[in-house]
Amino acid sequence: MKKKKSAFTLAEVLITIGILGVIAAISLPNLASNVSATQLAASLKTTQASISDKLDAALAFEDVPNVRDLKAFDCTTLPELYKGLSKYLRLDAVTEDHKVYALNDGSLVETWKAADIRQTNTKAFIYITDFTADATSTGTLAIKQNGGQVLRRSAIVYLDVNGYTKPNRYGYDVYKYYLAQNGRLYPVGGSDVSLFDTNGASDESSDWENGNENYACNWSSVGYGCAGRIEDEGWKITYFGKRLKDKKE
């Protein structure tokens, strides 16, 4: 006796397609978010390292120990600073104002003027501020004892790793750093900046996990300190889409 061939009915096929559609609708946004997070973290790591390495080379070339001793910093205006740094960094003029928003609700935080922003590569932007205020910590010894590297803050540097591509949010694609005396960039929210801002104290008020909105990195904050979180967590972005403050495990 021949066995009857089994076949799917139209109803079964439609049900299967419906189930697959539901699974796709649930998983694809998460997949897209994970891909975006991976790309942004990789771009941040590359951009930060590139700038730090080139400034380190500038210190060696001019044979000076402190980034403030570079000829580029012997100025009073940003255009002069960028002109001096253009010997070491690729800095091209940006033609549009750059609006930056908070991580939590997308509210406008500030607008960078086009004249004050320069590209560091085809996508990433660098914005420098506080470059005339050479802040020196009063807790240098304590910072060294705790393994900190930032003894002087020579400037505040913002990196937008994907330029005009939206959303231009702190903690999403815009990150805040301190430029230290050694020419390296240290992330706000990280341990080095925390030690500097607290003069070497064992204080968590300036780190990404326990700090206020100027340093924290969660979906209830502006997101300034997210660069520190990304670096601490192994150059991964784990907080996209999470509304509650999540602790390190």
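Tyr-127 and Tyr-158 are both buried, where buried means under 20% relative accessible area, exposed over 50% and partly exposed in between, with a 1.4 Å probe and protein chains only. Keep in mind that this is a predicted model, so local features need pLDDT of at least 70 and side-chain atom pairs count only at pLDDT 80 or more, while totals for chains, interfaces and linings use all residues. Numbering starts from 1 along each chain as its sequence is written, and side-chain values use heavy atoms, with hydrogens and water left out.

Now for the rings. Searching the whole structure turns up 10 aromatic pairs. Rings of Phe, Tyr and Trp (its six-membered ring) pair if their centres lie within 6.5 Å; planes under 30 degrees apart are stacked, over 60 edge-to-face, and the rest tilted. Here are two of them:

| Pair | Centre to centre | Plane angle | Type |
|---|---|---|---|
| Trp-112 and Tyr-127 | 4.7 Å | 10 degrees | stacked |
| Tyr-127 and Tyr-158 | 5.9 Å | 40 degrees | tilted |

The stacked pair links distant parts of the chain, with Trp-112 in strand 2 (residues 108-112) and Tyr-127 in strand 4 (residues 125-129), 15 residues apart. Strands are DSSP runs (E, at least two residues), numbered from the N terminus. Trp-112 counts as buried because its relative accessibility is 0%; for Tyr-127 the value is 13%.

Trp-112, Tyr-127 and Tyr-158 join Tyr-170 and Tyr-224 in one aromatic cluster.

There are charges over rings too: Lys-176 lies over the face of Tyr-224, 4.9 Å from the ring centre. The cut-offs are NZ of Lys or CZ of Arg within 6 Å of the ring centre and within 35 degrees of the ring normal.

Technical notes:
Helices (H or I, at least four residues) and strands (E, at least two) are DSSP runs, numbered from the N terminus.
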